[in-house]
Amino acid sequence: TLRKQLRVSDLRSREAPEGLFRVISIKGQEVWVEGTFPTFLAAKKIADDKAVDGVVCYIHGHGPRVIYIAR
């Protein structure tokens, strides 16, 4: 999945399609979709790897709830 920048106010695009997991990274006012993954473990690896130098990564499932945070 290609990395894509989102508007800070775009909360709907942070949600993953049914059965998938989406990694969102945030640093300051920049919000990025890092990718959408078929398993939680694949998403967690990306989130943990990207969470450096003040970047916070969130994993979303289907719906608005955050299911994991990497700092």
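How many aromatic pairs does a search of the whole structure find? In this predicted model, the search returns two.

One pair joins F21 and F40. The geometry is edge-to-face, with 6.0 Å centre to centre and 75° between the planes. F21 belongs to strand β2 and F40 to helix α1, so the contact ties together parts that are 19 residues apart in sequence. F40 counts as partly exposed because its relative accessibility is 28%, and partly exposed residues fall between the 20% and 50% limits.

F40 also pairs with Y68. The ring centres of F40 and Y68 are 5.9 Å apart and the planes stand at 85°, so this pair is edge-to-face. Distant parts of the chain are linked here: F40 lies in helix α1, Y68 lies in strand β5, and 28 residues separate them. Y68 is partly exposed, with a relative accessible area of 22%. Together, F21, F40 and Y68 make up one aromatic cluster.

An aromatic ring also meets a charge. The charged end of R3 sits over the ring of W32, at 4.0 Å from the ring centre.

The strands were examined next. β2 and β4 run antiparallel and are joined by five bridges. Within this pairing, R22 has H60 of β4 as its bridge partner. β4 also pairs with strand β5, which spans residues 66–70. That pairing is antiparallel too and has four bridges. Two of the β5 partners can be named. I59 is bridged to Y68, a member of the aromatic cluster. C57 is bridged to A70. The hairpin of β4 and β5 has five residues between the strands. In this hairpin, G63 takes a positive phi near 120°. β4 is mostly covered, as four of its five residues are buried.

The interior was then considered. The largest nonpolar core has 10 residues. Its members are F21, V23, F37, A43, A47, A51, V55, C57, I59 and A70. At least two residues of this core come from each of β2 (21–27), α1 and β4 (56–60). F21 thus appears both in the core and in the aromatic cluster. C57 and A70, which are bridge partners, are both core members.

V23 is another core residue. Neighbours within four places in sequence aside, its contacts include the core members F37, A43, A47, C57 and I59. V23 also touches W32, V33, E34, G35, I46 and Y58. Among these, W32 is the residue whose ring lies beneath the charged end of R3.

Helix α1 covers residues 40–50 and includes A42. A42 counts as partly exposed because its relative accessibility is 30%. The C-alpha atoms of A42 and V23 are 9.8 Å apart in space, while the two residues are 19 places apart in sequence.

Technical notes
Residues numbered from 1 in each chain as written. Predicted model: local features only at pLDDT ≥ 70, side-chain atom pairs only at ≥ 80, totals over all residues. Heavy atoms only, no water. Buried < 20%, exposed > 50% of the residue type's maximum accessible area, 1.4 Å probe, protein only. Core = buried A, V, L, I, M, F, W, Y, C linked by side-chain atoms within 4.5 Å. Contact = heavy atoms within 4.5 Å. Pairing = 2+ DSSP bridges. Phe/Tyr/Trp six-rings, centres within 6.5 Å; stacked < 30°, edge-to-face > 60°. Lys NZ or Arg CZ within 6 Å of the ring centre and 35° of its normal.
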